[in-house]
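This report describes selected features of a predicted model. The structure is shown first, and the description follows.

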Amino acid sequence: MNGLGRLVERARATAGRAAAEARAFVRRLRTGTLRAYLRLRSATLALHLSILTYAVIIAAIALVGALQALFLRQFLFAETARSLHQELMNVPAEAWIWLASPSGSSATSGPPFRLGPLPFLAARGSLAYVDPTGQVHPIYAPHGLPVLSRETYEAMLNFGVPASAYQLASTSHGRDLVVTALIGPPDRPLGLAQVSVPTSEIDAMVARQMLLYGVVAFAVLVAALAAYRALIRRALAPLHRVVEHAQRIDAGNLDERFEVRPGMQAEVRSLAASFNGMLDRLGRAFRAERDAKERMRQFVADASHELRTPLTALSGYLEVLQKGRDFTEEEWRDALQQMHGEAKRLAGLVEQMLRLARAEDVRASWASDKREDVRLGTLVMSLDALWRGLCGPRELTYRIEGDPAVHADPDALKQVLFNLVQNAAQHTPAEGGHIVISVRGDEAEAKLAVADNGVGIPKAHQPHVFERFYRVDEARSREKGGAGLGLAICKAIVEAHGGRIDCESEPGEGAVFTVTLPAARPNRRGAEEGWAWKSK
């Protein structure tokens with residue numbers, strides 16, 4: 001028992017080791033398959049296309065070969081059956097009955113009729129007679145006789161046998177092709193003649209044909225492999241050039257473009273066009289970022305310069321006051337007045353800077369939910385007292401042609417008009433000064449203009465008047481309290497509403513600032529309603 005127990009334990013240990021080795025082999029096989037799959041997934045496009053193309057070609061060749069083998073085998077079976085059927089029909093009906101009878105098969109003398117050669121009696125073949133009752137009588141069957149079912153024989157006797165009909169039957173030496181033919185007149189048959197031949201020769205012929213087909217297909221596949229690799233390498237060459245060009249691109253050469261040549265494949269041409277478009281967008285983004293940084297640097301410098309002046313003045317006044325010498329009441333009052341003026345100027349400058357920052361953020365300042373249809377003529381005339389106060393002794397004239405509507409924030413439009421009127425008043429002399437506010441429009445757009453007959457703007461300065469902190473006359477602007485931000489705020493607001501602002505001026509003849517905005521809807525009140533107001 002101890003020996004038997006040790007044997008059982010040894011067998012269990014051996015089985016456990018075999019199971020562990022099998023599991024380890026399965027894990028290694030799974031890991032190797034996964035690595036091969038991942039390596040294939042990360043392979044080149046040419047390899048992917050090659051493998052896919054070869055797989056499709058091999059599958060097509062295999063399918064064609066299988067269909068060819070099937071149809072060829074059926075064709076050879078049908079042709080062999082037709083030939084055997086004809087041979088059977090050439091034998092007289094009496095011969096089959098005589099050959100199947102015991103007296104005929106044992107007779108020492110020849111048959112009472114002429115019997116030709118029987119070439120279908122090949123090696124391993126068989127010959128038999130089937131009487132009208134379906135009974136099979138062997139005539140020649142040295143290697144076995146395939147027998148069909150009685151129902152099959154009865155159907156043949158009743159309905160006849162086509163020339164190419166055949167049956168496949170299994171025998172001791174393989175599979176036989178069984179062919180039958182009616183004996184005697186079709187309406188009163190005397191029986192059936194049956195002959196069978198092995199299918200081995202037909203199978204061998206089909207196998208030889210398939211072998212030849214496989215050799216030719218393999219040769220064609222190898223030749224196609226060499227030609228396809230060259231063709232796919234040539235077809236993917238433009239794609240490789242795009243990749244190489246993309247690898248050379250960096251922030252310093254964003255102006256380079258991939259050349260789109262005539263005759264390039266549509267996909268490569270589309271890829272090149274998309275790549276060039278991406279470079280254009282990147283270039284614009286880099287330039288916009290660079291310009292934004294430059295504007296920010298300039299803004300910080302200008303803002304520091306503007307803020308430094310009032311702060312320096314305040315610091316100077318405070319230092320003088322800290323010295324502690326005796327001041328008269330008038331000197332104290334004058335110093336405090338100057339300090340108050342500088343503080344107001346500083347507060348106004350900060351307020352304008354905040355307005356400019358809000359004006360450049362449309363969503364934060366004048367979002368779409370704050371906009372409404374605004375009649376420009378009505379808006380202008382509703383603030384007549386404000387414009388009259390800004391103009392002072394200067395003559396103020398309104399020229400309102402219709403009452404065009406725009407979709408905008410009314411407070412933003414008031415800010416634009418306030419800055420333009422204030423700018424016109426600052427640069428127009430009090431004596432003989434004339435300011436005109438005009439409104440006109442059509443179905444597409446509406447125009448709001450402020451004109452004056454002041455000193456005008458030189459041509460060299462006109463392109464810069466909408467820039468931040470820009471002043472045509474630095475000294476006079478400071479004296480009048482201007483910080484150079486009013487027109488910049490106007491431009492930011494107008495562009496936020498999808499419009500534009502233009503300046504036309506001749507030195508000594510005044511200036512005209514025109515705001516153009518998209519019309520909210522077709523203006524039906526046209527030039528036939530001409531309104532005009534004048535106020536001094």
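## Loop positions and their sequence-distant neighbours

At 29% relative accessibility, G144 counts as partly exposed. G144 sits in the loop that runs between β2 (136-140) and α5. Although G144 and S126 are separated by 18 residues in sequence, their C-alpha atoms are 7.3 Å apart in space.

Two further loop residues can be described in the same terms. E506 belongs to the loop between β11 and β12 (511-518) and is partly exposed, its relative accessible area being 38%. The C-alpha atoms of E506 and I457 are 6.2 Å apart, while 49 residues separate the two in sequence. G498 is placed in the loop between α15 (486-496) and β11 (500-505). With a relative accessible area of 55%, G498 is exposed; the threshold for that class is over 50%. G498 lies 9.7 Å from A408, C-alpha to C-alpha, and the two are 90 residues apart in sequence.

## Two helices with a buried side

Which residues of helix α5 are buried? In this helix, which spans residues 150-159, the buried positions are Y153, M156 and L157. Viewed along the axis of α5, these buried residues fall within an arc of 95°, and they therefore line one face of the helix. The face of α5 turned away from the buried side bears E151, N158 and F159, which are exposed. An α-helix has 3.6 residues a turn, so residues three or four places apart point the same way.

Helix α12 (residues 384-391) has D384, W387 and C391 as its buried residues. Around the axis they cover an arc of only 65°, which places them on the same side of α12. A385 and G389, on the other side of α12, are exposed.

## Salt bridges

How many salt bridges does the structure hold? There are six salt bridges in the structure, and three of their pairs are described here, beginning with D203 and R73. Side chains of opposite charge can pair when their charged atoms come close. The side chains of D203 and R73 form a salt bridge with an N to O distance of 3.4 Å. This pair links distant parts of the chain, since D203 lies in helix α6 (residues 200-235) and R73 in helix α2 (residues 45-90), 130 residues apart. D203 is partly exposed at a relative accessible area of 24%, and R73 is likewise partly exposed, with a value of 27%.

A salt bridge within helix α2 joins the side chains of R82 and E79, with 2.6 Å from N to O. The two residues are three positions apart in α2, about one turn of the helix. R82 has a relative accessible area of 37% and is partly exposed; E79, at 34%, is partly exposed. R500 forms a salt bridge with D502, and the closest N and O atoms are 3.5 Å apart. R500 counts as partly exposed at 40% relative accessibility, and D502 is partly exposed with a relative accessible area of 33%.

## Surface patches

What kind of surface patch do R23, R27, R28 and R30 form? These four arginines make up a positive patch on the surface. One of them, R30, lies in helix α1 (residues 2-41). R30 counts as exposed, because its relative accessibility is 58% and the class begins over 50%.

A nonpolar patch on the surface is formed by L63, L67, L70 and F71, which together have about 380 Å² of accessible area. Among them, L67 is found in helix α2. At 38% relative accessibility, L67 counts as partly exposed. Helix α2 also contains R73, the partner of D203, as well as the pair R82 and E79.

Conventions:
Residues are numbered from 1 along each chain as its sequence is written. This is a predicted model: local features need pLDDT of at least 70, side-chain atom pairs count only at pLDDT 80 or more; totals for chains, interfaces and linings use all residues. Side-chain values use heavy atoms; hydrogens and water are left out. Patches are made of residues with over 30% relative accessible area and no salt bridge: like charges are joined within 9 Å, nonpolar side chains (Val, Leu, Ile, Met, Phe, Trp, Tyr) within 5 Å. Accessible areas come from the Shrake-Rupley method with a 1.4 Å probe; for residues, only the protein chains shown count as cover. Lys and Arg count as positive and Asp and Glu as negative; His and the chain ends are not counted. The place of a charge is taken as NZ of Lys, CZ of Arg, CG of Asp or CD of Glu. Helices (H or I, at least four residues) and strands (E, at least two) are DSSP runs, numbered from the N terminus. Buried means under 20% relative accessible area, exposed over 50%, partly exposed in between (1.4 Å probe, protein chains only). The arc is that of the directions from the helix axis to the C-beta atoms.
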